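Reader: Hi! Could you walk me through this one while I have it open?
Author: Happy to, let's put it up first.

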Amino acid sequence: MTINRPLTLIAELTYRCPLRCPYCSNPVNYGEINRDQELSTEYWLEAIHQAAKLGILQLGFTGGEPLLRKDLEMMVETAASRGIYTSLITAGTILTPERAAKLKDCGLDHVQISIQDSQAEQSNYIAGVASFEQKLAAARLVKKLGFPLTINVVLHRHNLDRIEEILELCKVLQADRVELANTQYYGWALYNRSSLLPTAAQLEQAQKATALAVEKRYFPMGIVYVLPDYYAKYPKPCMDGWGQQTIVISPAGDILPCQVATSIPELKFANIRDRNLEWIWFESEAFNRFRGTDWMDEPCRSCSRKNVDFGGCRCQAFLLTGKSSATDPTCHLSPDRQLIVKAREGGELNYSQLTYRSYHVP
């Protein structure tokens, strides 16, 4: 099997974050992860150089909150010097004019800011802390400095009824691009599934509003609308295929095919402290475990879509069935599809309180 070189590096600089979002994809054992385990500046800079040699074209600095790393500017400058397109993926709450200007000078190309809702009270409720006004100020600052601005909104039962208001707020903030990403149920989102799962009526409304925004070209770089897996007929390809395009580096230096790959306990991941990125990408067992189609069980093995969705998400398959090679239950052909049907029906009927990620910013 031919292995292509990766295109994207997702650098999770820290799991620390001032927000407490109940759909956070950070590990649920976040409180056990010590700040001292985070990679040093030296390792991050070396990782960026290795990524450039490997052929990486774009790099997203994310977390947690990447702005909590005081060496972020050095990383941006290093990536820019190697010709890599860089994005800062931030909550925006601690982005100051001085820091933003410095990042611009260092060569940062693009900023993505998350917004939880169109109304302050609801946005603060979802974030778990008062943050709405800081986010709006950050978005305005980003535009003032001339950055392309993406606004990311995670959608769920608590904010879908205001989808038109959310789109209008994005227009007011002059977003160049908008990501409307329905919650994916990993990490804390899986804990909160019964409270976050939308209704079918909400999704229908959201699709209509999004289609209108696309038609009227509200945003020059477009809208990305991600349907929740639980309401889809077929699963989405995990990261465009496991080990096909993307490398994730965790705060502690583990090299992963996706942000939540550590949820599959059978996999062992190499660390940037011990191995270089090229060896990990081409040779490591974890990256090769679900490449291609040879690993597949039925019905995926004989399915005409096996090279389209690659059996769906491996982490989701494991979290729902206990078997990492199982067909993603979000596929209507999966023998475990009833797990999704029951969860969806339960979401329509039940409504529980949110459980927030622990608030921890050392």
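Author: What follows is a chat about the sheet, the core, the salt bridges and a few single residues.
Author: This is a predicted model, in which local features need pLDDT of at least 70, side-chain atom pairs count only at pLDDT 80 or more, and totals for chains, interfaces and linings use all residues. Residues are numbered from 1 along each chain as its sequence is written, and side-chain values use heavy atoms, with hydrogens and water left out.

Reader: Great. In what order do the strands of the sheet run?
Author: The open sheet has nine strands in the order 7-6-5-4-3-2-1-8-9, with mixed pairing. Two strands pair if DSSP finds at least two bridges between them. Helices (H or I, at least four residues) and strands (E, at least two) are DSSP runs, numbered from the N terminus.

Reader: And which strands stand at the edges?
Author: Strand 7 (223-226) and strand 9 do; each has a single partner strand, so one side of each has no neighbour in the sheet.

Reader: Let's zoom in on strand 1. How does strand 1 pair with strand 2?
Author: In the parallel sense, over five bridges, with strand 1 covering residues 8-12. Ala 11 stands opposite Phe 61 in strand 2, and Glu 12 has Thr 62 as its bridge partner there.

Reader: What about strand 1 and strand 8?
Author: That pairing is parallel too, with four bridges to strand 8 (residues 246-249). Val 248 in strand 8 is the bridge partner of Ile 10.

Reader: How many residues of strand 1 are buried?
Author: Five of its five residues are buried, where buried means under 20% relative accessible area, exposed over 50%, and partly exposed in between (1.4 Å probe, protein chains only). Thr 8, Ile 10 and Glu 12 point one way, while Leu 9 and Ala 11 point the other way. In a regular strand the side chains alternate between the two faces of the sheet.

Reader: Nice. Which residues have the most contacts inside the largest nonpolar core?
Author: Phe 61, Ile 247 and Ile 249, in a core of 84 residues. A nonpolar core here is a set of buried Ala, Val, Leu, Ile, Met, Phe, Trp, Tyr and Cys residues joined through side-chain atoms within 4.5 Å. Helix 1 (residues 41-54) gives the largest share of this core, seven residues. Apart from it lies another core of 21 residues, with Cys 258, Ala 261, Phe 269 and Cys 315 among them.

Reader: Who does Ile 247 touch?
Author: Leaving out residues up to four places away in sequence, its contacts (heavy atoms within 4.5 Å) include Leu 9, Ile 10, Leu 54, Trp 281 and Phe 287.

Reader: Switching to helix 2: what covers its buried residues?
Author: The cover includes helix 1, strand 2 (58-62), strand 3 (85-90) and helix 3. The buried residues are Leu 72, Glu 73, Met 75, Val 76, Thr 78 and Ala 79. Gly 83 follows helix 2 and has a positive phi, near 75°.

Reader: Glu 73 in that list caught my eye. What does Glu 73 form with Arg 99?
Author: A salt bridge, with the closest N and O atoms 2.4 Å apart; the term means a side-chain nitrogen of Lys or Arg within 4 Å of a carboxyl oxygen of Asp or Glu. Glu 73 is in helix 2 (residues 72-81) and Arg 99 in helix 3 (residues 97-106), so the pair ties together parts that are 26 residues apart in sequence. Both Glu 73 and Arg 99 are buried.

Reader: How many salt bridges are there in the whole structure?
Author: The search finds 14. Arg 69 and Asp 71 meet in one at 2.8 Å, N to O, and both are buried. Arg 16, Glu 38, Arg 69 and Asp 71 are linked in a network of salt bridges.

Reader: And Arg 289 with Glu 266, how far apart are the closest N and O atoms?
Author: They are 4.0 Å apart in that salt bridge. Arg 289 counts as partly exposed because its relative accessibility is 28%, and Glu 266 counts as partly exposed at 44%.

Reader: Last one: is Gln 202 buried or exposed?
Author: Gln 202 counts as buried, at 6% relative accessibility, and is found in helix 9 (residues 200-215). Its side chain joins that of Asp 161 in a polar contact of 3.1 Å. A polar contact is a pair of N or O atoms within 3.5 Å; within protein, one must be able to donate a hydrogen and the other to accept it, and residues adjacent in sequence count only if both atoms are side-chain atoms.
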